[in-house]
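Work through the exercises below with the model open. Try each task before you read its solution.

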Amino acid sequence: LFILNRNTMSDRYKYASMQKGEYNENSHFMINNHKEHNDNPDYWNILLKPIDDNKGVLQNTLALDFGCGHGRNVINMLNKNIFSGVDGVDICDNHLGFFYDRIKETGHEGKSRYYVNNGVDLSILESETYSFVLSTIALQHICVYETRFSLLSDIHRVLKPGGILSFQMGFGEGHPSAHAYHANIYEAHGTNSQNDVKVIDPQYIVDDLRRIGFNEIQYEIKNSFSDRHNQWIYVQCKK
């Protein structure tokens, strides 16, 4: 399994601190909760499809959104009336108030918890807690490979046996500010479209997921919905 390089831990925390600062400073720009992405048919037909395909297994279990922002995905999953609760985890402290406001406005008060992680791992979350984990427009903004691998490993840890992970990343060439998949851009001064990561070979993701312990790995490549990446890759796998 992947072993953390302790010599670079300080670099990863430095990068995470930069990201946290950027997101905290600009958290108010998400006031519309990225609702425009609800118009992406692939969001419903691919990313959230495992929920519909596994209703019996997921009924009355807990789900998690990694990189939850103000809670758009959390609300969409709660609206399916399958999960007993849907939590969110994000690097941004300043999203917390917006998150709970959105949950309350949509009638789901008391069904979600917001966790602030350190940007390096998910140590704030307990092991084998969730049956479904979703992540979209989040992992592609982390241009440090070691950090992404650490986060994916911890997603595996917090999933129950048989749990499902469904996520999206940018795919292919074309993004002017996207770095190589295995690069560790610790010194990045800016996040999101300023410093993204690009997947140019699906096998990169498949190999990582297998090393972590995931199985039944599937993926689809589609045109991006609203992004500087020309295409997106959607991935589903199980613990």
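**Exercise 1: The second largest pocket**

β8 supplies the largest share of the lining of the second largest pocket, with four residues. The model is a predicted one.

Task: Find which elements give two or more residues to the lining of this pocket, and describe the pocket.

Solution.
- Start with the space: the second largest pocket holds about 250 Å³.
- Next, find its centre. Of the 14 lining residues, Pro50, Asp53, Asn54, Gln218 and Gln236 are the closest to it.
- Now assign elements. Two or more residues come from each of α2 (41-47), α3 (49-53), β8 (215-223) and β9 (231-238).
- Last, sort by class: the lining has five nonpolar, four polar and five charged residues.

**Exercise 2: The largest pocket**

Task: State how much space lies in the largest pocket, and work out which helix gives the most to its lining.

Solution.
- The volume comes to about 860 Å³.
- The lining counts 37 residues. Nearest the centre lie Tyr23, His34, Ile137, His141 and Asn192.
- Two helices, α1 (9-25) and α5 (72-78), each supply at least two lining residues.
- α1 gives the most, with three residues.
- By class, the lining splits into 11 nonpolar, 20 polar and six charged residues.

**Exercise 3: The cavity**

Task: Determine how many cavities of 30 Å³ or more the structure holds, and list the residues that line the largest cavity.

Solution.
- There is one cavity of 30 Å³ or more.
- The largest cavity has a volume of about 40 Å³.
- His37, Asn40, Tyr43, Leu47, Thr136, Ile137, Gln168, Trp232 and Tyr234 form its lining.
- α2 and β9 are the elements that give two or more of these residues.
- Five lining residues are nonpolar, four are polar and none is charged.
- Compare with Exercise 2: Ile137 lines the largest cavity and is also among the residues nearest the centre of the largest pocket.

**Exercise 4: Two helices that cross**

Task: Describe how α7 and α8 are set against each other, and name the residues that meet.

Solution.
- Locate the helices: α7 spans residues 145-158 and α8 spans residues 202-212.
- Their axes come within 10 Å and cross at roughly 50°.
- Classify the angle. α7 and α8 are therefore oblique to each other.
- The crossing is right-handed.
- Look at the contact. From α7 come Tyr145, Phe149, Leu152, Ser153 and His156; they meet Asp208, Arg211 and Ile212 of α8.
- These contact residues divide into four nonpolar, two polar and two charged.

Definitions and conventions
Residues are numbered from 1 along each chain as its sequence is written. This is a predicted model: local features need pLDDT of at least 70, side-chain atom pairs count only at pLDDT 80 or more; totals for chains, interfaces and linings use all residues. Side-chain values use heavy atoms; hydrogens and water are left out. Axes are lines fitted to C-alpha atoms, for helices over the stretch in contact, and angles run from 0 to 180 degrees between N-to-C directions. Angles under 35 degrees count as roughly parallel, over 145 as roughly antiparallel, 65 to 115 as roughly perpendicular and the rest as oblique. A crossing is left-handed if the near helix is turned anticlockwise from the far one by less than a right angle, and right-handed if clockwise. Contact means heavy atoms within 4.5 Å. Ala, Val, Leu, Ile, Met, Phe, Trp, Tyr, Cys and Pro count as nonpolar, Asp, Glu, Lys and Arg as charged, and the others, Gly among them, as polar. On a 1 Å grid over the protein atoms alone, a cavity is a set of points where a 1.4 Å probe fits but cannot get out, and a pocket is an open set with protein on both sides within 12 Å along at least five of seven lines; lining residues have an atom within 4 Å of a point. Grid points are joined across faces, edges and corners, and a volume is the space filled by probe spheres set on the points.
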